[in-house]
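Work through the exercises below with the sequence and the model side by side. Try each task before you read its solution.

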Amino acid sequence: MVLPLTYFGNPILRHKGDPVSEITPELEQFIEDMFDTMEKHRGIGLASQQVGRAIQLTVIDIRPVEDRPSTLELDGEEADPHSIMPLVLLNPEIEPLAAEVSGPEGCLSFPEIYGDVSRPEKIRVKALNERNEPVEFVCGGLLARCVQHETDHLHGILFTDRMDRDTKAELRDELDVLQKATKAILAEAAEADSDQ
Ligand code: ZN
């Protein structure tokens, strides 16, 4: 089932997620719904906050993007990044392993808004998977960028927070319009609720 997305201006996007401690049937269904939602909107990553729930769960699938390479190391051996797709990460932790590089990013919670963000080019990721098993890998390129973007979401951090001042200034008007529109829709919904 495709879930409604939350947009910039919705306070849920600023909530740090609670760690996930148990995989329930309900959570398994939620993970499936997150994949449906991400695919429908042609995203390569989606965090639980973006569908209205503040827990530390993200889904990732970089396979639709062919022109931005990724690297992967499993147990110190080079591996095909596609071999771990689609990826479910619970409670991910990141260790930077290389200097920051700047690259373009977008976000399903910011439709049509894109900007460059600097992030470590290579990272080590430790997390739990959808079977509650520990996973660990080293990744670079697009996958590293995506995991960092999504892990930020799980802590209430948005890609605009990491843009430099000039990039953010260029996007200021678009961000203001989106934030106001989101708040207006939420206020309308709250009013409709209180009328019932
Ligand atoms: Zn995002």
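The exercises that follow deal with a metal site, a loop residue, pockets, cysteines and backbone angles.

This is a predicted model, in which local features need pLDDT of at least 70 and side-chain atom pairs count only at pLDDT 80 or more, while totals for chains, interfaces and linings use all residues. Residues are numbered from 1 along each chain as its sequence is written, and side-chain values use heavy atoms, with hydrogens and water left out.

**Exercise 1. The zinc site**

Find the protein donors of the zinc ion and describe their spacing along the chain.

Solution. Begin with the term: donors are N, O and S atoms within 2.8 Å of the metal (3.2 Å for Na, K and Ca), and since water is not among the atoms, sites may look incomplete. The protein donors are Cys107 through SG, His149 through NE2 and His153 through NE2, and they lie 2.0 to 2.2 Å from the zinc ion. Read along the chain, these donors follow the spacing C-x41-H-x3-H. Next, place the two histidines: because His149 and His153 are 4 residues apart in helix α2, about one helical turn separates them. Helices here are DSSP runs (H or I, at least four residues), strands are runs of E with at least two, and both are numbered from the N terminus. Finally, consider accessibility, where buried means under 20% relative accessible area, exposed over 50%, and partly exposed in between (1.4 Å probe, protein chains only). Both His149 and His153 are buried, and Cys107 is buried as well, with a relative accessible area of 11%.

**Exercise 2. A residue in a loop**

Decide whether Phe159 is buried or exposed, and list its contacts beyond its sequence neighbours.

Solution. First locate Phe159, which is found in the loop between α2 and α3 (165–195). Its relative accessibility is 2%, so Phe159 counts as buried. Then look for contacts, meaning heavy atoms within 4.5 Å. With neighbours within four places in sequence left aside, Phe159 touches Glu105, Gly106, Cys107, Phe110, Ile113, Gly115, Val117, Arg119 and His149. Two of these names, Cys107 and His149, already appeared among the zinc donors. From C-alpha to C-alpha, Phe159 and His149 are 6.6 Å apart in space and 10 residues apart in sequence.

**Exercise 3. Two pockets**

Describe the volume and the lining of the largest pocket and of the second largest pocket.

Solution. Start with the terms. On a 1 Å grid over the protein atoms alone, a pocket is an open set of points where a 1.4 Å probe fits, with protein on both sides within 12 Å along at least five of seven lines, and lining residues have an atom within 4 Å of a point. Grid points are joined across faces, edges and corners, and a volume is the space filled by probe spheres set on the points.

The largest pocket holds about 460 Å³ of space. It is lined by 23 residues, of which Ile44, Glu105, Gly106, Cys107 and Tyr114 are the closest to its centre. The elements giving two or more residues to this lining are β6 (100–107), β7 (110–120) and α2 (141–154).

The second largest pocket has a volume of about 190 Å³. Its lining includes Glu100, Ser118, Arg119 and Pro120, and at least two residues come from each of β5 (87–96), β7 and α2. Glu100 itself lies in strand β6 and is exposed, with a relative accessible area of 53%. Beyond its neighbours within four places in sequence, Glu100 is in contact with Ser118, Arg119, Pro120 and Glu121.

**Exercise 4. Cysteines**

Count the disulfides and explain why Cys139 forms no bond with its closest cysteine sulfur.

Solution. A disulfide is a pair of cysteine sulfur atoms within 2.5 Å, and by this rule the count is 0. The closest cysteine sulfur to that of Cys139 belongs to Cys146 and is 9.1 Å away, which is too far for a bond. Cys139 is also buried, with a relative accessible area of 0%.

**Exercise 5. Backbone angles**

Examine the peptide bond from Met85 to Pro86 and the phi angles of Asp75 and Glu112.

Solution. Recall that most residues other than glycine have a negative phi, and most peptide bonds are trans. The bond from Met85 to Pro86 is cis, with omega near -10°, and Pro86 is in the loop between β4 (77–79) and β5. Asp75 has a positive phi near 50°, lies in the loop between β3 (70–74) and β4, and is exposed at 79% relative accessible area. Glu112 has a positive phi near 65°, but is found in strand β7, and its relative accessibility of 65% makes it exposed.
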